[in-house]
Amino acid sequence: MSNVADRLRLLRKDAGLVSRLPAHVATTVPSRVDSLRKLLHTRERSVQKPLAAPAGTEIAPGVRYVEHSFAFETEPDLHVPRLADAAIDRRRLLCFDTETTGLAGGVGTRAFMIGVASWDANALTVRQLYLTTIAGELEMLKIFASWLREDTVLVSYNGKSYDAPLLKGRLRLNRVPHRLGELMHADWLHPTRRAYREILPNCRLATVEREILKIVRDDDLPGSQAPAAWLAFLRGQSSRDLSRVLDHNRQDVITLMHLGDHLARSGALRVEPKIRK
C-alpha cells in the first residue's frame with residue numbers, strides 16, 4: 001500500500017467483508033482492520049511525540065552549561081601532590097576532560113564538550129559546556145579560558161598529549177587569549193603507569209577506575225561513541241545519548257579527583273630530590 005488512502009480503502013473493504021460473514025465465522029477472521037488501525041495510530045503518535053529538551057542552560061548562542069555539586073570525602077592533607085618540589089593546595093586543581101569530534105586529532109578535530117571539576121568550599125563542583133551548533137565554538141572557548149586562573153594547576157589523564165594540544169590549537173584558530181600553555185599541568189597517566197604497569201592489563205582510565213578505585217559505572221556510553229551521539233543530536237534526533245555523554249564526561253573529571261587522592265595517599269606522586277654527583 002503506497003499511501004494512507006490505499007490503506008483506508010482496504011480497511012473499508014475488509015470491514016464490509018467481515019460484516020457479511022456469519023457471526024461464528026467473522027469472529028475467527030484475523031482482523032487486518034485492527035492491525036492496520038494500530039499501525040496507523042502508532043505512526044501518528046510517534047511523529048507527534050516531542051523530543052526531550054537538551055540538558056543545561058543556554059548561556060551563549062549555541063552553547064549550553066551544566067553544573068553539579070557533590071559531597072566529596074577526602075583528607076585535605078593527603079590531596080597535596082608534590083609537583084616539582086612544591087606542595088599544591090587542592091583548591092588550585094582544575095581537572096579537565098574533552099569530548100571531541102574525532103579521536104585522531106588534527107586540524108579538523110574540535111571539542112564539542114568540555115568538563116572541569118574543581119573545589120568550591122567543601123564540595124566538588126563539575127562544570128560542563130557543550131555545543132548545540134558548530135557556530136558556538138568561539139563562545140565556548142572564551143568561557144573555558146575564563147576559568148583558568150593564574151594559579152590554576154591543570155589535571156588530566158593523557159591530556160598533555162591530547163586534550164591540551166587540541167584546545168590550544170582551537171583557541172589559537174579562534175584567536176582567543178588564554179594561559180593554557182603557561183599553567184602547571186599534572187597528567188595522572190604518567191604516575192599511574194609507573195605504579196601499575198606491571199599489575200594492570202593496561203592503564204586506561206576505565207581500567208584504573210574499575211580495578212584500583214573500585215568505581216563501577218552504570219549505563220556508561222563509551223567515549224568512542226560520543227561523536228556519533230552528538231552528531232545525532234545536531235540532526236534533531238533524541239538527546240538521550242547526548243545526556244549519556246554528559247554523564248560519561250562528568251564521571252571522568254570526578255574520577256581524576258579520586259585518582260589524585262589515591263596516588264597521593266599511596267606515595268606515587270612524591271618527587272624524590274635529585275642528587276648531584
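**Notes on strand S8, helix H5 and the largest pocket**

1. Let's start with a loop residue: Asn-158 sits in the loop that links S8 and H5. Please keep in mind that this is a predicted model. The phi of Asn-158 is near 65°, a positive value in a residue other than glycine. Most residues other than glycine have a negative phi, which makes this one worth a look in your viewer. Asn-158 has a relative accessibility of 31%, so it counts as partly exposed.

2. Now to the strand before that loop. S8 covers residues 153-156, and both of its faces are covered. On one side Val-153 and Val-155 are buried, and on the other side Leu-154 and Ser-156 are buried too.

3. S8 has a neighbour in S5 (residues 93-100), with which it pairs in the parallel sense over 3 bridges. If you want a landmark for this pairing, Leu-93 has Val-153 in S8 as its bridge partner.

4. S8 also runs parallel to S9 (residues 184-187), and 4 bridges join the two strands. Here Ser-156 has Asp-187 in S9 as its bridge partner. Between these strands the chain passes through helix H5 (residues 163-173), and the resulting β-α-β crossover is right-handed.

5. What does H5 pack against? Its buried residues pack against S5, strand S6 (111-120), helix H4 (137-146) and S9. The buried residues in H5 are Asp-163, Ala-164, Leu-166, Leu-167, Gly-169, Arg-170 and Leu-171. Asp-163 and Arg-170 may catch your eye, as they are named in that buried set.

6. A positive phi also turns up just after H5, at Arg-175, with a value of about 55°. Arg-175 is not a glycine, and its place is the loop between H5 and S9. With a relative accessible area of 77%, over the 50% cut-off, Arg-175 counts as exposed.

7. Finally, the largest pocket, with a volume of about 870 Å³. It is lined by 31 residues, and the closest to its centre are Arg-204, Leu-205, Gly-223, His-248 and Asp-252. Two or more lining residues come from each of S5, helix H6 (189-196), helix H7 (205-211), helix H8 (226-234) and helix H9 (240-266). S5 gives the largest share, 5 residues. For your force-field eye, the lining has 14 nonpolar, 7 polar and 10 charged residues.

Note on methods:
Residues numbered from 1 in each chain as written. Predicted model: local features only at pLDDT ≥ 70, side-chain atom pairs only at ≥ 80, totals over all residues. Heavy atoms only, no water. Buried < 20%, exposed > 50% of the residue type's maximum accessible area, 1.4 Å probe, protein only. Pairing = 2+ DSSP bridges. Right-handed = clockwise from strand over helix to strand, strands pointing away. Contact = heavy atoms within 4.5 Å. 1 Å grid on protein atoms, 1.4 Å probe; cavity = no way out; pocket = protein on both sides within 12 Å on 5 of 7 lines; lining within 4 Å. Points joined across faces, edges and corners; volume = space filled by probe spheres on them. Nonpolar A, V, L, I, M, F, W, Y, C, P; charged D, E, K, R; others polar.
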